[in-house]
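Let's take a walk through this structure together, one neighbourhood at a time. Keep the 3D view open and turn it as you read.

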Amino acid sequence: MKKRIGIDVGGTNVKIALVDENGKIIYSNSVPTYAKMGYEYTVNNIKQAIRDLMKETETDSTMIDAIGFDFPGQVDYKTGVVKLAPNIPGWVNVPIAQMIEDEFHIPTRIDNDVRCAALGEMKFGAGRGCQNFVCITVGTGIGSGLVVNGQLVRGAANAAGELGHIKLQMKDGPICGCGDTGCLEAFASGPSIVAMAYEYIKGGKATKFREMAGADGEITPYIVAKAAEEGDPVAKRIFEIVGEYIGIGLTSVINLLNPEKVIIGGGVAEAGDLLFDPIRRTIKDRAMTVAGSSVEIVPAQLGNSAGVIGASMLIDG
Ligand code: ADP
């Protein structure tokens with residue numbers, strides 16, 4: 001039975017896994033990214049991690065079908081070049097697939113992180129059996145992977161799926177990390193939950209999330225979610241607003257693509273019904289009837305492993 005390697009490159013750590021044909025992780029490990037040391041340093045660590053994986057699992061190049069990488073940024077799927085990864089400084093125009101193929105003589109592919117997660121969910125998670133779905137992640141930003149007619153959609157220049165940058169406001173609005181204003185991500189990601197929470201307590205009002213913030217006063221989306229679960233009305237309202245924004249963004253996508261499912265993952269989606277209820281309600285109220293009533297809004301199933309599992313499947317994704 002042949003196996004594949006999935007590698008998930010993040011700003012802090014590189015996760016590596018050996019994955020079997022059923023999407024099961026047989027072995028996993030991680031090495032620090034240390035981006036500030038330069039990309040060559042990280043690439044050498046990745047090569048060593050692949051050698052360690054082979055040693056520990058008693059495999060060699062002939063027993064491994066493919067290697068797949070996922071990156072949080074812009075990549076060229078066709079040439080295997082990382083164009084730009086904003087959270088991993090120094091990774092600009094790095095031909096990583098070629099570098100790995102030259103070393104290990106195993107076919108290697110790369111793609112962006114949310115597309116890999118969508119591929120993982122399609123093969124082994126919440127998207128199994130679906131021909132048309134949208135996979136979104138809500139964390140520090142909002143990203144998406146689109147599957148249409150059973151295929152990942154990459155777009156003309158490999159830039160498809162930027163759901164976080166759907167405009168919710170014609171002019172002005174909150175400033176987004178992309179440089180524009182009024183993007184969904186600027187209204188509804190983890191940092192906007194935190195901004196809303198601070199805005200509320202600015203005048204000294206008491207809330208549960210203020211009490212729960214601890215000595216340093218740092219509020220996170222996780223803390224706001226816990227406060228909401230304990231009945232704090234402001235925290236509940238924040239999740240209502242954020243869910244409504246995401247629901248409005250998704251309404252456009254649902255009207256456009258008529259997907260069977262929307263799969264929602266990422267850290268903030270761990271809030272569960274607090275976030276899912278207003279999303280579902282908004283879509284039901286605002287999307288066109290046929291597309292809106294047939295779509296299912298479900299949580300992602302593969303969690304943190306979606307990236308490595310999906311990346312390992314890129315060669316026929
Ligand atoms: P990144 O986009 O940086 O990869 P993640 O998708 O891991 O981030 O999401 C991290 C965020 O998820 C953090 O801001 C954290 O506070 C938030 N988070 C984690 N668990 C929960 C939860 N149960 N409810 C709401 N937010 C959560």
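A polar contact, as the term is used here, is a pair of N or O atoms within 3.5 Å. Please also keep in mind that this is a predicted model.

With that cut-off in hand, let's begin at the ligand. Which residues surround the ligand? Look for G139, T140, T220, P221, Y222, A225, G266, G267, V268, E270 and A271. Some of these residues make polar contacts through their backbone. An oxygen atom of the ligand sits 3.2 Å from a polar backbone atom of Y222. For V268, a polar backbone atom is found 3.4 Å from an oxygen atom of the ligand. A271 meets a nitrogen atom of the ligand instead: one of its backbone N or O atoms lies 3.5 Å away.

Now move to strand 4, residues 64-71. Seven of the eight residues of strand 4 are buried, so mostly covered is a fair description under the cut-off of less than 20% relative accessible area. Strand 4 has pairing partners that you can trace in the view. With strand 1 (residues 3-9) it pairs in the parallel sense, over six bridges. With strand 8 it also runs parallel, and five bridges join the two. F69 is a good residue to hold on to here. F69 is the bridge partner of I7, and F69 also stands opposite I110 in strand 8.

Stay with strand 1 for a moment and find I5, which is placed in that strand. Is I5 buried or exposed? I5 counts as buried because its relative accessibility is 0%. Leaving aside residues up to four places away in sequence, I5 touches I16, A17, L18, I50, L53, I64, A66, I67, G68 and S312. Its C-alpha atom is also separated by 6.0 Å from that of V19, although the two residues are 14 apart along the chain.

On strand 8 (108-112), the residue to look at is N112. N112 has a polar side chain partner on the backbone just ahead: the backbone nitrogen of V114 lies 3.3 Å from a polar atom of the N112 side chain. The same side chain reaches the backbone nitrogen of R115 at 2.9 Å. N112 counts as buried, since its relative accessibility is 13%. Setting aside residues up to four places away in sequence, the neighbours that N112 touches are D70, F71, G73 and V75.

V75 leads us to another sheet. Three strands form an open sheet in the order 5-6-7, with antiparallel pairing. Strand 5 (74-76) and strand 7 are its edge strands, each pairing on one side only. On average, neighbouring strands of this sheet are turned by 15 degrees against each other, direction ignored. Strand 5 and strand 6 run antiparallel and are joined by three bridges. Within that pairing, V75 stands opposite V82 in strand 6.

Next comes helix 2, which spans residues 96-104 and has I96, A97, I100 and F104 buried. Why do these residues lie on the same side of helix 2? They cover an arc of only 100 degrees around the axis, and this puts them on one side. Their cover includes helix 1 (39-56), strand 4, strand 6 (81-84), strand 7 (92-94) and strand 8.

Let's finish with some backbone angles. Most residues other than glycine have a negative phi. Just after helix 2, H105 takes a positive phi of about 55 degrees. E58 likewise has a positive phi, near 50 degrees, and is not a glycine. You will find E58 in the loop between helix 1 and strand 4, and it is exposed, with a relative accessible area of 69%. N258, again not a glycine, has a positive phi of about 50 degrees. Its place is in the loop between helix 8 (233-257) and strand 12 (261-265). N258 counts as partly exposed because its relative accessibility is 42%.

Conventions
Residues numbered from 1 in each chain as written. Predicted model: local features only at pLDDT ≥ 70, side-chain atom pairs only at ≥ 80, totals over all residues. Heavy atoms only, no water. Buried < 20%, exposed > 50% of the residue type's maximum accessible area, 1.4 Å probe, protein only. Helix = DSSP H or I, 4+ residues; strand = E, 2+ residues; numbered from the N terminus. Arc of directions from axis to C-beta. Contact = heavy atoms within 4.5 Å. Pairing = 2+ DSSP bridges. Axes fitted to C-alpha atoms, helices over the stretch in contact; angles between N-to-C directions. Near = heavy atom within 4 Å. Polar contact = N/O pair within 3.5 Å; in protein donor to acceptor, adjacent residues only side chain to side chain.
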